[in-house]
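Q: Hi! Could you walk me through this one with me? I'll just ask things as they come up.

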Amino acid sequence: MTNQEIIERIDRSIAEEFEIDPEEMKPEKTLFQDLGLDSLDIVDLVIVLETAFGFKIREEEGIRKIRTLGDIHSFVLQKKDELESIPR
Amino acid sequence: MPLKRVVITGMGAISPFGRGVDTLMTALLSGESGVRILPELADIRGIRTRVAALVPGVDPGEIPRKYRRSMSTMSVFAALAAGDAIAQAGLSGEQVRGGRLGVSIGSTIGSPRTTQSFFDDFRIDNSVERMKSGVFFQIMNHSCAANVAHMFGITGRTVAPAAACSTGCLAVGYGAEMISMGKQDFMLCGGADEFHPLTAATFDIMNAASTRFNESPWKTPRPFDRDRDGVVCAEGSGILLLESLDSALRRNAGILAEIVGFASTSDPESIANPNAANIAHCMHQALLDAGIGPEGIDYVNAHATGTELGDIAESEAIRSIFGDRVPTSSLKGNLGHAMAASGAIELEASVEMMRRETLLPTHNLDHVDPLCASVTHVREITRRRVDTVMKNNFALGGVNSSLIIRRFQQ
């Protein structure tokens, strides 16, 4: 999966779960103020991402620093790089 | 402390006929049945009933996601019915949010569909890792009440009475008492339930669910009829906006009816079986609360679900108090039994019967059971002015309830 495909999957999954207009899915958008999510939604956001990408991230420190959609893109891309660097 | 008079100024209904009290009344006046064959019941081992009365055509999508995420189907029903009741009453935003409006809405249990969905997933690998944040808010016992309060920004009391089939009636009665005591000026009151096979199975295993009309669902249930064979489970919500008379007059609200009496009694004889004497005791207490005698009641809207024992016990109780003088009918022949919602939906129809000066008959009552023949059954649509109505509901668990409403007069 390319980085662009990952970003598209993130945006699609979040837009679908939280019923957000796909046009609104811009990296600079803040989750709370711009996209209208709240703390309960963040609980579900983690599950949406875990389901979409098959990893576990609930305990990750990096989650707490996420403010924008772009932060999610970066977080997931970094997580993917970490997973792929682990020898199988 | 003088008690305040309590009136009904708004009503919302989600019934097996769809949304709205007018929709409900049109179907009832046309003698329609909301009961249908539910094919998926055939896939459940051990269940014999195949019919139910489900709500058609309700779109949860009209509720914003922010509110909908914590709602199961029953809360969606309650929220839509509550919105319609508020709209009919014409309450302002300030009146809704200002602390003088409270909520008294119950359901039999928290959402059985969400509960099942959670455990289906949980049992895959003994994991809660996929549990969404909304699950608890859909299965907690006060889910309907809390979701209604949340959606409309209500800041007064929230209570969620739960007594299965008596819930709707109790919720209205307790709400009326709060207004009567001056604790709130307005109360959104009623009940909601969503269909789940668990409910049908509960009656089925006790041989109290209808099983002989699986191919002709419109013929069941058959309250008071000699060929009745049990309950048909339904779903929906009835929500009434109650208000102090002072408030209603002050804001020139349309008054639909006055609530003049309420009683609820416990029946310790049996957790499941109704007892005629205890039912009669409840009805008598409601008359005392209203300060009227049996001669003051013009019509009884019965609980009568179409079970063998329940219909006989209620007939005997009605007979013992009213003799054969008072016309009586049950609406469950049309509606099935919407559990926590049934009392409130039937109360709304009773209000409309009073307003329209028209009594609805018991649907499917073709041959009155001799053991239920001691009361005067409404057998056809009857034009008659009635000014005071008793509404009964009796629940599994032995919780009886009776409300008395009256045509409003200054």
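Q: Leaving aside neighbours within four places in sequence, which residues is S166(B) in contact with?
A: Happy to help, and bear in mind that this is a predicted model. Beyond those neighbours, S166(B) is in contact with N393(B), F394(B), A395(B), V399(B), N400(B) and S401(B).

Q: And where does S166(B) lie?
A: In chain B, S166(B) lies in the loop between β6 (158–159) and α8 (167–180).

Q: Is S166(B) buried or exposed?
A: S166(B) counts as buried, because its relative accessibility is 0%.

Q: What does the side chain of S166(B) reach?
A: The backbone oxygen of N393(B), at 3.0 Å. N393(B) is also one of the contacts of S166(B).

Q: A395(B) was in that list too. How far is R379(B) from A395(B) in space?
A: From C-alpha to C-alpha, R379(B) and A395(B) are 25 Å apart, with their positions 16 residues apart in sequence.

Q: Where is R379(B) found, then?
A: Look at the loop between β13 (376–377) and β14 (382–383) of chain B. R379(B) is partly exposed there, its relative accessible area being 44%.

Q: What is R379(B) in contact with, leaving aside its neighbours within four places in sequence?
A: The contacts are P361(B), L365(B), D366(B), H367(B) and V368(B). With L365(B) there is some detail to add: the side chain of R379(B) reaches the backbone oxygen of L365(B) at 3.4 Å.

Q: Changing topic: how many salt bridges are there over all chains?
A: A search of the whole structure gives 33. One of them joins E258(B) and R5(B), whose closest N and O atoms are 2.8 Å apart. This pair links distant parts of the chain, with 253 residues from one to the other: E258(B) is in strand β9 (residues 257–266) of chain B, and R5(B) is in the segment before β1 (6–15) of chain B.

Q: Are those two buried or exposed?
A: E258(B) is buried, with a relative accessible area of 5%. R5(B) counts as partly exposed, at 35% relative accessibility.

Q: What about K332(B): which side chain does it meet in a salt bridge?
A: The side chain of E346(B), at 2.9 Å from N to O. K332(B) lies in helix α13 (residues 332–335) of chain B and E346(B) in helix α14 (residues 342–356) of chain B, so the pair ties together parts that are 14 residues apart in sequence.

Q: Is K332(B) buried or exposed, and what about E346(B)?
A: K332(B) is buried, with a relative accessible area of 0%. E346(B) counts as buried as well, at 1% relative accessibility.

Q: And which salt bridge partner does R385(B) have in E357(B)'s part of the chain, at what distance?
A: R385(B) meets the side chain of E357(B) itself, at 3.7 Å from N to O. R385(B) lies in the loop between β14 and β15 (388–395) of chain B and E357(B) in the loop between α14 and β12 (358–359) of chain B, so parts 28 residues apart in sequence are tied together. R385(B) is partly exposed at 45% relative accessibility, and E357(B) is partly exposed at 26%.

Q: Let's go to the interface. How many residues of chain B are in contact with chain A?
A: Nine residues of chain B, in contact with 12 residues of chain A. The two chains bury about 1,100 Å² between them, 43% of it on carbon and sulfur atoms.

Q: How many salt bridges cross the interface of chain B and chain A?
A: Six. The side of chain B that touches chain A has six charged residues, two nonpolar and one polar.

Q: Which residue does D38(A) form a salt bridge with?
A: R69(B), with the closest N and O atoms 2.5 Å apart. Salt bridges with shared partners also join D38(A), D41(A), R65(B) and R69(B) into one network.

Q: Last thing: what does the model score?
A: The scores are ipTM 0.89 and pTM 0.96. Chain B averages a pLDDT of 97, and 100% of its residues score at least 70. Chain A averages 92, with 95% of the residues at 70 or above.

Q: Which element of chain A has the lowest mean pLDDT?
A: Helix α3 (residues 69–85) of chain A, at 89, while helix α1 (residues 3–18) of chain A has the highest, 96.

Methods. Residues numbered from 1 in each chain as written. Chains lettered and ligands numbered in written order. Predicted model: local features only at pLDDT ≥ 70, side-chain atom pairs only at ≥ 80, totals over all residues. Heavy atoms only, no water. Contact = heavy atoms within 4.5 Å. Buried area = accessible area lost by both parts, 1.4 Å probe. Salt bridge = Lys/Arg side-chain N within 4 Å of Asp/Glu carboxyl O. Nonpolar A, V, L, I, M, F, W, Y, C, P; charged D, E, K, R; others polar. pLDDT = per-residue confidence, 0-100. Helix = DSSP H or I, 4+ residues; strand = E, 2+ residues; numbered from the N terminus. Buried < 20%, exposed > 50% of the residue type's maximum accessible area, 1.4 Å probe, protein only. Polar contact = N/O pair within 3.5 Å; in protein donor to acceptor, adjacent residues only side chain to side chain.
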